[in-house]
Amino acid sequence: MKIELFYTPGCEKCAHSKDSLKATAERLVPDLVWRELNALDELDYAVEVGVLTLPAMAINGELVFSSLPTPRQLRRELTKRIGKV
Amino acid sequence: MTLTIGKIASALKVSTDTLRYYEREGLIGPATKSRGGYRLYDHDAVRRVRFIKQAQHCGFTLTEIRALLDLRASDAACCRDVRRVALEKKLQLEAKIKAMRVMSKTLDRLIATCSDEGRRLDDCPILAAFDR
């Protein structure tokens, strides 16, 4: 599973939250690919995914969170997806 | 220094109605009145109208411009907050451009389906495509 965090450099919210979000994902997803993308460097891809606000999070190329989720929200989403596999 | 609404309007190429609207919406400070009853605006109002116009040229709506003006006045905000807003606006514009490209390509296909300009309207493939 691929999780992508779109951020703007200097985003304090992202810096505070990303480690706990990544740890949450690592605990739940065995084949995790975690990517942190500077939206300005990856603008075309961000548009393709549908990112309109920052920070945002996509799972397997699908925009799932248009703002940063809490670890609990992410856990719920990942559990739902793992259950479907 | 104060300026009448007419002078600001002509200097900045906006209508007086627009300036009154900005004032009603709180985007520029309230005007004082001259003895003759004319609205008078100070230098800050002129600066804010310039700001609004420039931001509109970059695609910002008045609601978004209000947020930018609030950011500018905020002690807690810094340049990266403004940069994030600008980047989000760029993402929105690029998404619109992408959607419009798709529309344009769809129109290309529809135009290509209509090769006979003299055909009756009932047989028009473009109108038929919209009916589907």
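This is a short tour of chain B, from the whole fold down to its sheet and the helices on it. The model is predicted.

**Whole chain**

Select chain B and zoom out. The C-alpha trace spans about 70 × 40 × 20 Å along its principal axes. The radius of gyration of chain B is 23 Å, whereas a compact globule of 132 residues would come near 14 Å. Colour by burial next: 11% of the 132 residues in chain B are buried. For the contact map, take pairs with a separation of 6 or more; 44% of these contacts in chain B join residues 24 or more positions apart.

**Secondary structure**

Switch to cartoon. Chain B shows 6 helices and 3 strands. Along the sequence the pattern reads β-α-α-β-β-α-α-α-α.

**The sheet**

Which order do the 3 strands of the open sheet take? In chain B the order is E1-E3-E2, and the pairing is antiparallel. Select 2-4 and 32-33 of chain B: these are E1 and E2, the edge strands, each paired on one side only. Now add residues 39-42 of chain B, strand E3; E3 and E1(B) share 3 bridges in the antiparallel sense. Show Leu3(B) as sticks, then Tyr41(B) in E3(B), which stands opposite.

**Helices on the sheet**

Pick residues 5-12 of chain B. This is helix H1, which packs on the sheet and touches E1 and E3 of chain B. The direction of H1 makes about 85 degrees with that of E1(B). Finish on residues 43-57 of chain B, helix H3. Helix H3 lies across E1 and E3 of chain B and runs at about 80 degrees to E3(B).

How values were computed. Residues are numbered from 1 along each chain as its sequence is written. Chains are lettered from A and ligands numbered from 1 in the order in which they are written. This is a predicted model: local features need pLDDT of at least 70, side-chain atom pairs count only at pLDDT 80 or more; totals for chains, interfaces and linings use all residues. Helices (H or I, at least four residues) and strands (E, at least two) are DSSP runs, numbered from the N terminus. The radius of gyration is taken over C-alpha atoms; the globule rule is 2.2 Å times the number of residues to the power 0.38. A residue is buried if 20 or more other C-beta atoms lie within 10 Å of its own, exposed if 12 or fewer, and partly exposed in between; C-beta atoms are placed from the backbone. Two residues are in contact if their C-beta atoms, placed from the backbone, lie within 7 Å. Two strands pair if DSSP finds at least two bridges between them. Axes are lines fitted to C-alpha atoms, for helices over the stretch in contact, and angles run from 0 to 180 degrees between N-to-C directions.
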